[in-house]
Amino acid sequence: MAAEDMAVEDTRTAAQLVAELPDSPAVWCSGLRKRYRRRTAVDGVSFAVGRGEVVGLLGPNGAGKTSVIKMLLGLVHADAGEVMVLGRPGSDPLSRARVGYLPELFRYQPWLTATEVLALHARLARVRMTDGDSRDRLAAVGLDGRAGDRVGGFSKGMQQRLGMAVALVGSPELVVLDEPTSALDPIGRADVRDLVLSLKEQGVAVLLNSHLIGEVERVCDRVVILDHGRVAAAGTLAELLGRREVRLHLTGVDGRAEARLRAAGEVSGNHDRYTVVLPAEDDGTGVPRLVADLVALGVGVHAVEPARISLEERLLGILRAGHAGEGPR
Amino acid sequence: MTVLTIARLTVREAARRRVLWALVVLTVALLTLSGWGFSKLTGLDTEFGDLTSGQARLVASQLLNLVMFGLSLIAALGTAFLAGPTVAGEIESGMALSLLARPVRRSAVLLGKWLGLVAVGCGYVVVAGLAQFLVVRWAVGYWPPDPAAGLALLAGQTIVLLTLGLLLSSVISPMASGVVAVGLFGATWVAGVVGGVGEVLGNEGVERVGTVSRALLPTDGLWRGAMHAFQDPSALATMGADGSGFPFLSEAPLAVPYLLWALFWVAMVWGLTALVLARRDV
């Protein structure tokens with residue numbers, strides 16, 4: 001009996017240990033590589049999307065964003081690297097059981113009605129979907145009046161809306177949206193933003209690839225910036241945008257004053273206009289001290305403007321810095 | 001579950017895209033024309049005098065093979081052009097992306113598509129073939145000796161061609177795959193006729209053309225087996241050795257090893273398609 005009690009206790013302890021384990025990330029990938037003939041599309045990309053986290057994937061055209069997304073979903077085979085989706089290896093189709101996906105190239109069976117497309121995806125995802133669920137999904141993307149119409153008669157924008165509804169089939173735990181607003185009007189873009197925010201509220205992880213940086217800035221917790229198939233920068237918006245700048249209009253700047261400016265942070269600009277990027281650990285006293293020192297050095301201080309950079313400026317800065325060493329091609 | 005879902009989707013596509021309607025219209029035209037032609041056979045006044053009922057049966061049996069060839073051609077063209085856009089077209093258009101991102105195995109999707117196409121192709125062959133038999137029976141009272149085996153072999157020929165169409169569609173563009181599948185089907189039939197001529201002439205080299213082509217693509221071999229099941233047994237005795245060169249006369253029933261080879265061929269080509277599709281980036 002004692003041995004049996006110990007076995008039961010061991011099982012309880014093991015179950016408790018497993019229950020206390022942190023959830024695996026919604027997406028985790030490491031060292032992803034992909035070559036298309038001679039061109040390297042993805043070169044050692046690693047990142048993770050936590051459960052319930054909204055992550056933006058940014059980068060210029062041809063940076064490898066769509067290739068990365070397709071590798072995560074098993075649509076493109078990686079030459080190297082590992083993928084885990086919702087705790088399962090990416091090579092296992094079941095890893096995609098609770099994943100919704102809106103591809104960049106969205107196209108659905110034109111001979112089916114919108115309701116039939118949703119029913120098809122529900123069957124493939126092995127989830128039950130009632131007529132009411134189907135109506136709700138279509139209503140959520142503004143297609144409630146077109147449920148019985150064939151997809152062949154839909155405009156591109158309506159097909160993209162249908163794609164959003166398809167991505168939401170079966171209460172997914174992870175939704176991957178690849179350029180979800182490319183065919184949408186401003187109202188459609190706002191609808192998608194609201195939808196992503198409502199997914200965030202429900203604790204659904206979202207990986208969002210979009211060129212609309214303003215939208216990404218509004219909805220994403222974290223951003224991964226890809227360039228030339230590599231991760232050029234990654235972090236929370238606070239980490240990426242947390243840098244504060246101060247713009248200065250100065251006259252009479254000599255070597256000593258320039259050295260003082262450089263001591264305050266990364267300096268750009270010339271003649272009498274300078275921009276100083278303040279270090280993240282700056283406690284708010286850096287600017288007054290800098291101004292006082294500059295005045296003491298005989299510099300004429302005409303204007304001091306605090307500034308916060310936008311994600312767009314930060315993205316362009318990262319991409320330009322990455323391209324600066326390449327020279328003309 | 002995935003297999004049946006995709007199979008149903010494939011059949012529904014054929015129906016909704018009016019492929020089935022096109023097949024029905026073509027077949028009704030063929031049946032009407034053949035019914036009219038067969039009805040003129042009895043009591044036909046030729047330069048040798050009126051056809052006896054035996055002669056009429058013989059001619060009817062040969063004409064039936066000719067018309068059935070027409071039906072098999074419709075089935076072959078239909079399935080080849082249905083199979084062609086299936087994989088390549090859906091990947092090109094992007095339709096495959098949202099489908100394959102579901103928790104499905106690509107081999108299950110392929111099997112579903114294959115089963116759907118088999119249902120459409122074989123269903124067509126059986127319904128149209130039976131309708132043709134009834135028309136011939138009504139017109140001249142001829143009923144083929146082994147209609148079930150003949151239709152099964154004709155369905156087999158359709159399966160071979162659609163399996164080839166699927167393989168081609170997973171490696172080349174949709175349009176090219178349909179064209180190549182139909183081209184190969186026609187080339188194999190011509191090679192079979194050339195082989196028959198070689199047999200009549202006693203030229204082994206020419207005869208081998210037919211044998212080799214029948215092994216490479218079993219459509220013609222299965223078609224010849226089907227013809228044997230449709231034709232009147234007296235046809236061979238009447239036409240003798242010279243008849244072996246005639247494209248709508250089959251000398252012997254299908255050998256079991258050849259049937260097994262055809263089954264193996266279908267399994268092999270299907271397996272190759274599954275392998276290609278599993279490795280393909282979409």
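**View 1. Four-stranded open sheet of chain A.** Two strands count as paired if DSSP finds at least two bridges between them. By that rule, four strands of chain A form an open sheet in this predicted model. The order is β2-β1-β4-β5, and the pairing is antiparallel. The edges are β2 (39-49) and β5 (88-89) of chain A, each paired on one side only. Inside the sheet, β1 (residues 27-36) and β4 (residues 80-85) of chain A are joined over five bridges, in the antiparallel sense. One position to locate is Ser30(A), whose bridge partner in β4(A) is Glu82(A). Helix α2 (residues 65-72) of chain A lies across β1, β2 and β4 of chain A. Helix α2(A) runs at about 120° to β1(A).

**View 2. Six-stranded open sheet of chain A.** Six strands line up in the order β6-β7-β8-β3-β9-β10 (chain A). The pairing in this sheet is mixed. The edge strands are β6 (99-102) and β10 (230-236) of chain A. Each of these edge strands pairs on one side only. On average, neighbouring strands are turned by 15° against each other, direction ignored.

**View 3. The β6 edge and helix α5 of chain A.** Here β6(A) pairs with β7 (residues 174-178) of chain A. The sense is parallel, and four bridges make the pairing. Tyr101(A) has Val176(A) as its bridge partner in β7(A). Helix α5 (residues 156-167) of chain A packs on the sheet and touches β6 and β7 of chain A. The direction of α5(A) makes about 170° with that of β6(A).

**View 4. The β10 edge of chain A and its hairpin.** At this edge, β9 (residues 222-227) of chain A and β10(A) run antiparallel, joined by six bridges. The bridge partner of Asp227(A) in β10(A) is Arg230(A). Two residues lie between the strands of this hairpin. In the hairpin, His228(A) takes a positive phi near 50°.

**View 5. Helix α4 of chain A and its buried face.** Helix α4 spans residues 131-140 of chain A. In α4(A), Ser134(A), Arg137(A) and Leu138(A) are buried. Seen down the axis of α4(A), the buried residues fall within an arc of 95°, so they line one face of the helix. Their cover includes α3 (114-124) and α5 of chain A. Just after α4(A) comes Gly142(A), with a positive phi of about 80°.

**View 6. The β12-β13 hairpin of chain A.** Strands β12 (residues 266-270) and β13 (residues 273-278) of chain A pair in the antiparallel sense. Five bridges connect β12(A) and β13(A). Glu266(A) stands opposite Val277(A) in β13(A). Two residues separate the strands in this hairpin. His271(A), in the hairpin, has a positive phi near 50°.

**View 7. Two domains of chain A.** The domain assignment gives domain 1 (27-239) and domain 2 (244-308) of chain A. The C-alpha centres of the two domains lie 44 Å apart.

**View 8. Contact between chain B and chain A.** Chain B gives 22 residues to the contact, and chain A gives 24 residues. On the chain B side, the elements that give two or more residues are α1 (2-16) and α4 (95-100) of chain B. By class, the side of chain B that touches chain A has ten nonpolar, five polar and seven charged residues.

Definitions and conventions:
Residues are numbered from 1 along each chain as its sequence is written. Chains are lettered from A and ligands numbered from 1 in the order in which they are written. This is a predicted model: local features need pLDDT of at least 70, side-chain atom pairs count only at pLDDT 80 or more; totals for chains, interfaces and linings use all residues. Domain bounds come from an automatic or database domain assignment. Two residues are in contact if their C-beta atoms, placed from the backbone, lie within 7 Å. Ala, Val, Leu, Ile, Met, Phe, Trp, Tyr, Cys and Pro count as nonpolar, Asp, Glu, Lys and Arg as charged, and the others, Gly among them, as polar. Axes are lines fitted to C-alpha atoms, for helices over the stretch in contact, and angles run from 0 to 180 degrees between N-to-C directions. A residue is buried if 20 or more other C-beta atoms lie within 10 Å of its own, exposed if 12 or fewer, and partly exposed in between; C-beta atoms are placed from the backbone. The arc is that of the directions from the helix axis to the C-beta atoms.
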